[in-house]
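The following note sets out several points on the structure for a colleague's consideration. They are numbered for ease of reply.

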Amino acid sequence: MRIALCCSLLALLPLKAFADSPFYLGLEVGSAMEDRFDELGGDIDSDNLWGGYGGYRLTDSLAVELHVNELGESSRSAILDAGFELDGTVYSLALVGAFPVHDRVDILAGVGAFRLDEDGQTFTLLGVRNVDSSDSGLMAEGGVRWHLDQTWALRASWRWYDFERADGSLIGAVEASF
């Protein structure tokens, strides 16, 4: 029993030792991003966004973050000449400011650039056609981070992408400093 307790405490030691490090990682999930398909009409079915991010604190209030988010599959069917199935990934790089409003709470504001890569198929009267498209532009984020302790934090934000047809997602994340 004592050996198991000692091993458990030793396993937690590295997290505590690196808690003041400028590096952090997060896992996030967000709402489906289907507004970019509004001009196509019809009933669009999209998966929720999910992914991860890594950050480096340049100062106590400014960080650089890299996000990689899977958009999942977006599809439209039951329309004779305009169905599609797409699978997409968004990569973004941003500067994020953290403004403390309480010992454990920061207001977040970020701006950066993104790249969207999507591939899939469209269904037409002439048959199935492969689609491989990409987009890039600006992104912005605003939200809040709640520090549970020196290592762990919860994060909630709204992230907006300047797709051909702008779209955004409500995001929730868990974050660890190491």
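1. D117 has a relative accessibility of 28% and therefore counts as partly exposed, the limits of that class being 20% and 50%. Its salt-bridge partner is R115, with 3.3 Å from N to O. R115 is likewise partly exposed, at a relative accessible area of 39%. These values, like those below, refer to a predicted model.

2. A salt bridge with buried partners is formed by the side chains of R145 and D106, at 3.6 Å from N to O. R145 lies in strand β7 (residues 127-147) and D106 in strand β6, so the pair links parts of the chain that are 39 residues apart in sequence. The relative accessible area is 5% for R145, which is therefore buried, and 9% for D106, which is buried as well.

3. R155 and E175 also meet through their side chains in a salt bridge, at 3.2 Å from N to O. Because R155 belongs to strand β8 (residues 152-161) and E175 to strand β9 (residues 167-177), this pair ties together parts 20 residues apart in sequence. Both R155 and E175 are buried. Through shared partners, salt bridges join E28, E65, D106, E141, R145, R155, R159 and E175 into one network. The count of salt bridges comes to eight.

4. Which strand supplies the largest share of the largest nonpolar core? This core has 14 residues, and those with the most contacts inside it are M33, L71, V90, F114, L116, Y161 and F163. Strands β5 (83-100) and β6 (105-124) each supply at least two of its residues; the largest share, four residues, comes from β5. In soluble globular proteins, nonpolar side chains tend to be buried together.

5. E70, in strand β4 (residues 62-76), makes a side-chain polar contact with the side chain of T89 at 3.1 Å. Leaving aside residues up to four places away in sequence, E70 touches N48, L49, W50, D87, G88 and T89.

6. The secondary structure consists of one helix and nine strands, with the helix at the N-terminal end of the order. Of the 178 residues, 35% count as buried. Among contacts between residues at least 6 apart in sequence, 57% join residues at least 24 apart.

7. The confidence values call for care at the N terminus. The mean pLDDT is 81, and 75% of residues reach 70 or more. Among the elements, strand β1 (residues 23-30) has the highest mean, 97, and helix α1 (residues 2-17) the lowest, 41. Over residues 1-19 the pLDDT is below 50, and this stretch has seven contacts beyond near neighbours in sequence. Where pLDDT is low, predicted coordinates should not be read in detail.

Methods
Residues numbered from 1 in each chain as written. Predicted model: local features only at pLDDT ≥ 70, side-chain atom pairs only at ≥ 80, totals over all residues. Heavy atoms only, no water. Polar contact = N/O pair within 3.5 Å; in protein donor to acceptor, adjacent residues only side chain to side chain. Contact = heavy atoms within 4.5 Å. Core = buried A, V, L, I, M, F, W, Y, C linked by side-chain atoms within 4.5 Å. Buried < 20%, exposed > 50% of the residue type's maximum accessible area, 1.4 Å probe, protein only. pLDDT = per-residue confidence, 0-100. Salt bridge = Lys/Arg side-chain N within 4 Å of Asp/Glu carboxyl O.
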